[in-house]
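Reader: I would like a close look at a single part of this model, namely how its strands pair and how far they are covered. Please go through it step by step, and add whatever can be said about the cysteines and about one helix residue.

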Amino acid sequence: MKRRTLNHLQLPEPIEVTAESVADNSAVAACKNYIRQARAALIAGFSQRVPVSRLVIAQADIVDALLKSLWRAFNVDSRNACMVAVGGYGRAELHPGSDIDLLFLVASHKNKSVESQLQPFITFLWDIGLQIGHSVRTVKECQQQAEQDITIATNLIESRPIAGDDKLFDEMRHKTGPDKIWPAREFYEAKVAEQKARYRKYRGTSFELEPNLKGNPGGLRDVQLVGWIAKRYFSSESLQDLTNRGIFSLKEYRTLMTSQLFLWRVRFALHITTNRSEDRLLFQHQKKVAEFLNFKDKPESLAVEQLMQKYFRAASRIRNVTELLLQVFEEVILDRDEKVKVEEIDEHFQLKNDRIALKNPELVTEKPELILKTFIVAAKVPGNKHVSATTLRAIRDNRHLIDESYRTNPAYKQLFLEFFSIRHTGDRPFFLLKRNGILAAFLPLFEKISGQMQFDMFHTYSVDEHTLFLLKNLTRFANPEFEQEFPYCSKIMQNLEKPHLIFLAGLFHDIAKGRGGDHSELGAVDAEAFCRYLNLAEEETKTIAWLVQFHLVMSVTAQRKDISDPEVIAEFVGQVKTQQRLDLLYILTVADIRATSPKLWNSWKDALLRELYLAASNYLAQDKPKQLSQAEHINAIKQRALQQLGQQKVSESETLALWETLEENYFKTTPVDRIVWQTASVIKHAHGKGPLVEIKKHHNQAGTEVFIYTSDQPGLFAAITAILSQKNLRTQAADLFTNSHNKCFDSFVVLEESGKPISSVTRVQSIRKLLQKKLKNIDGMSKKVQRHVSSRIQHFDVPTNVRFNSEDHMRYTELELTALDQPGLLAAIGEAIRKCNMSIHSARIITLGEKVEDYFEISTIDRKTLNKEQKATLKQELLSQIENL
C-alpha cells in the first residue's frame with residue numbers, strides 16, 4: 001500500500017473501495033489492513049513526538065476518507081440521505097480508541113430504499129472493526145429530540161457533513177439553531193446544571209488519584225463545555241475567536257489550549273496502551289502510560305508520580321480558566337437581561353448581583369494589597385459568596401506582583417495572617433486563594449506540593465487538594481449549621497479564640513510531603529519559620545509547630561493502643577500537656593482523616609478518637625491526677641463491676657470465684673461494661689455445652705463486639721479471624737485472655753465491609769451459629785477466605801515488613817506488621833504464631849488503602865517476651881505464611 005507524508009506522518013494513501021470488492025468480500029480485509037496501517041502510522045508519529053493536535057485531526061481525516069469511499073461503494077442515495085459526523089468525531093478530534101458517532105439524516109422514512117441501503121453499510125462498518133454509534137433520523141426528528149434532550153442538541157452543534165446531501169444537513173442545522181430551540185440563556189443554564197451534576201459525581205475535585213480524563217473537574221469535558229457555549233451564544237467556530245471579542249485573554253486561551261494538549265497526549269497514550277476506548281486513568285494503567293510518555297523514575301519521585309503531578313496541574317489550570325470563563329459568560333448572557341443590583345461593602349468592594357466585586361479592578365496594579373483583601377472580604381461577607389470574573393481576572397493578571405518584596409512587606413504579611421485569623425464558616429475563600437495561584441505565590445512551599453500524588457490507594461487526593469479538604473472540614477466545624485455532625489469538634493472550633501492556630505497548622509501539616517525524611521518533623525520546621533516570619537507570638541509559634549510535628553500522634557494512639565488502659569492515657573497526655581493543644585489536635589486529626597479518603601473514615605475511628613479525647617480531657621481536668629497503684633486501680637474496677645452485676649442479680653460468690661481464675665491484666669485493661677457483660681454471660685453459660693458466643697454493639701456504639709468463651713487451644717485466633725473474614729467482617733481489634741482453667745475470654749471488634757456495625761438481627765444469629773459450629777473442631781476447619789478484592793491492589797508493591805519491640809518494662813513483645821491487604825491475612829498471621837508456639841494477647845488492625853498495619857502483643861507459651869532467636873523464627877514463618885496466601 002502506498003504511503004503519503006502529512007506533517008511528518010507516514011500515512012497510507014486513502015483507500016478506494018469499489019462495489020465489486022464489497023460484493024466479493026475482499027473489501028473487509030482491505031479496509032481492516034488500511035485501518036491497521038493507519039493506526040500503526042499514528043502510533044509511530046506519537047512516539048516521534050508529532051504534535052497530538054495533528055494526530056487527532058489525522059485520525060479523523062483517515063476515517064473521513066474511508067467512510068466517503070465506502071459511501072460511494074455502497075451507492076447510498078445521496079439525494080435523500082446525508083452522513084453526518086457528530087460528537088468528538090464532529091469536532092475532528094479522534095483518539096485511537098474513540099467511538100465514531102454518526103448521524104444518518106434521511107429525507108423521509110417512507111423512502112425504504114435509502115434505509116435498505118444504510119443497513120448493510122452500517123453492518124459493514126462493524127465488520128471492519130470500527131466502533132460506531134449511530135442513529136437514523138429525519139430533520140424533524142432531530143429537531144424534536146434535540147428540544148427534549150440537551151445532549152442531542154449539543155451533539156448537533158458540533159456536527160459536520162461527511163457525504164450525501166448537504167442541503168439536508170443545512171436544513172437540520174437551521175431547524176436546531178438557537179432561534180428555533182434552546183435559546184442561548186436556556187442552553188447555558190442547562191449545560192452549567194449538567195456540569196454541576198458531573199462535578200458532584202466526582203466529588204467536586206480535579207485531584208482524584210484515578211481521574212476520568214473527560215469527566216473529572218478540569219477534564220476535557222470542561223474545555224468542550226466552553227466551546228459549546230461559545231458556538232451557541234457567540235456563533236464562534238473556535239475558542240480563539242473569543243479572544244478577538246475580548247471574552248477572554250490570549251493568555252487564558254493559551255493556558256487552556258496547552259493544558260488540553262497535555263490531556264490529549266495522556267488520553268492518546270491511554271488508548272494505545274489499553275488498546276481500547278478508555279478515559280479512566282486507573283492505577284493499573286498509570287505506570288504504562290508514564291512509561292509510554294517517557295517519564296523516568298527519580299530518587300525523589302516515581303515516573304508515575306511525575307505524570308500525575310503534571311496531569312493534576314494541567315487539570316487545575318483547565319478548571320480555573322473554565323470557571324472564570326463560565327462566570328464571564330454568566331455575566332454576559334444572564335446579567336444582560338437583569339437589572340444590576342449593587343450593594344456597598346467598603347471603599348473598594350461591592351456586591352454586584354450577589355458577587356463580590358472590586359469597584360475598580362484596574363486599581364489592583366496601584367494597590368497590590370487589594371489582592372489579599374479580596375479574599376478577606378470574601379471570607380467576612382456572609383453567604384460564601386462568589387467573586388466576580390472581572391475581579392478574579394484582575395487578581396490573576398497582577399499575580400506577578402507577589403514577589404519577594406511583596407512577601408516581606410509587613411502590611412501584606414499582616415493581611416495574610418488576617419485571612420487565616422478569620423473563623424471561616426465557608427470553604428470558598430480557601431479554594432479561591434489556592435486556585436487563583438495566590439496561596440502558592442505568597443507561600444512558595446505550597447507550590448512544591450501542588451498536584452503531588454502518592455501512588456497508593458490510601459491517599460485519594462493529591463497533597464494540595466487533601467490540604468484544602470482538611471481546611472474545608474475545619475470550616476464545616478465552625479459553621480453552626482453542621483454542628484450535629486461532630487458536636488465536640490464544632491464546639492471547639494466555634495469557641496476558638498485564635499482560629500489561625502488551627503488553620504495554619506492544617507496548611508502546614510503535609511507541606512513537607514515528597515522531600516524524603518519525616519514530613520511531620522520537616523513540616524514543623526517550615527511552620528515554625530513561617531510563623532516567625534509572620535511575627536506571631538512565641539507561644540503561638542510553638543503551638544502551631546507542635547501540631548504539625550505531632551499531627552499523627554492522636555490517630556496512632558487511638559488506633560494502635562488500648563485506650564482503656566490508664567497508662568496509655570497518661571502517656572498520651574504527657575505528650576499533649578494542655579487542654580488547648582488537645583482541643584486543636586483533636587479537630588486537626590478528625591479533619592485530616594476525613595480529608596484523606598472518603599472510605600477511610602468510619603464510625604469506629606470516630607468513636608476511638610472521641611473516646612481518647614474525652615479520656616484525655618478528663619485526665620487534664622484533674623488538678624493533680626491521682627496515681628492509683630495497680631492494685632488500687634484493679635480493686636476500683638472490680639467494685640464498679642460488682643455493683644452493676646448486683647443490679648443484674650448475678651451471684652456475687654460465682655462472680656468472685658470466676659474472677660479468681662483471671663489474671664490482673666484482664667481487669668487493668670478491660671472496660672467495666674465489658675467485664676460485666678462477659679462475667680454475666682459466662683456465669684449464665686456455666687453448664688452449657690460447646691463454645692459460648694455472644695454478640696452486641698460495642699460500648700461506644702461504633703462497632704460490633706464478638707465475645708468467645710471456650711477452651712483455649714493452639715490456632716484459635718487464626719480460626720476465629722478466618723470465620724469472621726469468611727462472613728465478610730473486618731476485624732478492627734482483639735483482646736485475648738486465658739484463665740487458669742484454660743478457658744479463653746476472647747473479644748473481637750468487627751465492622752461490616754461498609755465500615756458500619758452489624759445491624760441485622762438475622763445476620764448476628766447467622767454469625768453466632770457459624771462460630772459455635774466451627775469452633776467445636778478447629779483442626780478440621782478450612783481457614784481459606786474468599787472475598788472480593790479490588791483488582792487495583794495487584795498494581796501496588798507492598799513488601800511485608802515485620803518489626804518487634806520488647807523493652808525491659810514491657811509485659812509482652814510488640815509485633816508490628818505491614819503487608820498487602822488480602823483475604824485471610826489475619827488468619828495467616830495467627831497460624832504463623834501458632835506454629836512458633838506463641839500466644840497472642842491483643843491485636844489492633846488498621847487498613848490503609850491497599851495495605852494494612854497490624855499491631856499485636858505476643859509472648860511465648862509461658863508468657864515471656866521473645867528473645868532474638870524466637871523473633872527471627874517468627875519473622876520467617878510470618879513471611880512464609882503471607883507469601884503463600
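Author: Within the pairing of strands β15 and β16, N801 has T818 of β16 as its bridge partner. This is a predicted model, and in it β15, which spans residues 801-805, pairs with β16 in the antiparallel sense over five bridges. Strand β16 also pairs with β18 (residues 851-860), again in the antiparallel sense, and here the pairing runs over eight bridges. In that second pairing L815 stands opposite F856, a residue of β18. As for its surroundings, β16 covers residues 813-820, and because six of these eight residues are buried, the strand is largely enclosed by the rest of the structure; buried here means a relative accessible area under 20%.

A further set of pairings involves strand β12, which comprises residues 704-711 and is mostly covered, since seven of its eight residues are buried. Strand β11, made up of residues 692-697, is joined to β12 by six bridges, and the two strands run antiparallel. One of the positions that can be followed there is E694, whose bridge partner in β12 is F707. Strands β11 and β12 form a hairpin with six residues between the strands, and in this hairpin Q701 takes a positive phi near 70 degrees. Strand β12 pairs with β14 (residues 743-752) as well, in the antiparallel sense and over eight bridges. In this pairing I708 of β12 has D746 of β14 as its bridge partner.

Turning to the cysteines, C744 is buried, with a relative accessible area of 1%, and C531 is likewise buried, with a value of 2%. A disulfide is a covalent bond between the sulfur atoms of two cysteines. With a pair of cysteine sulfur atoms required to lie within 2.5 Å, the count of disulfides in the model comes to zero.

The helix residue to consider is H285, which is found in helix α13, a run covering residues 283-292. The relative accessible area of H285 is 6%, so this residue counts as buried, the limit being under 20%. Leaving aside residues up to four places away in sequence, H285 touches L270, T274, R276, E278 and R280.

Note on methods. Residues numbered from 1 in each chain as written. Predicted model: local features only at pLDDT ≥ 70, side-chain atom pairs only at ≥ 80, totals over all residues. Heavy atoms only, no water. Buried < 20%, exposed > 50% of the residue type's maximum accessible area, 1.4 Å probe, protein only. Helix = DSSP H or I, 4+ residues; strand = E, 2+ residues; numbered from the N terminus. Contact = heavy atoms within 4.5 Å. Pairing = 2+ DSSP bridges.
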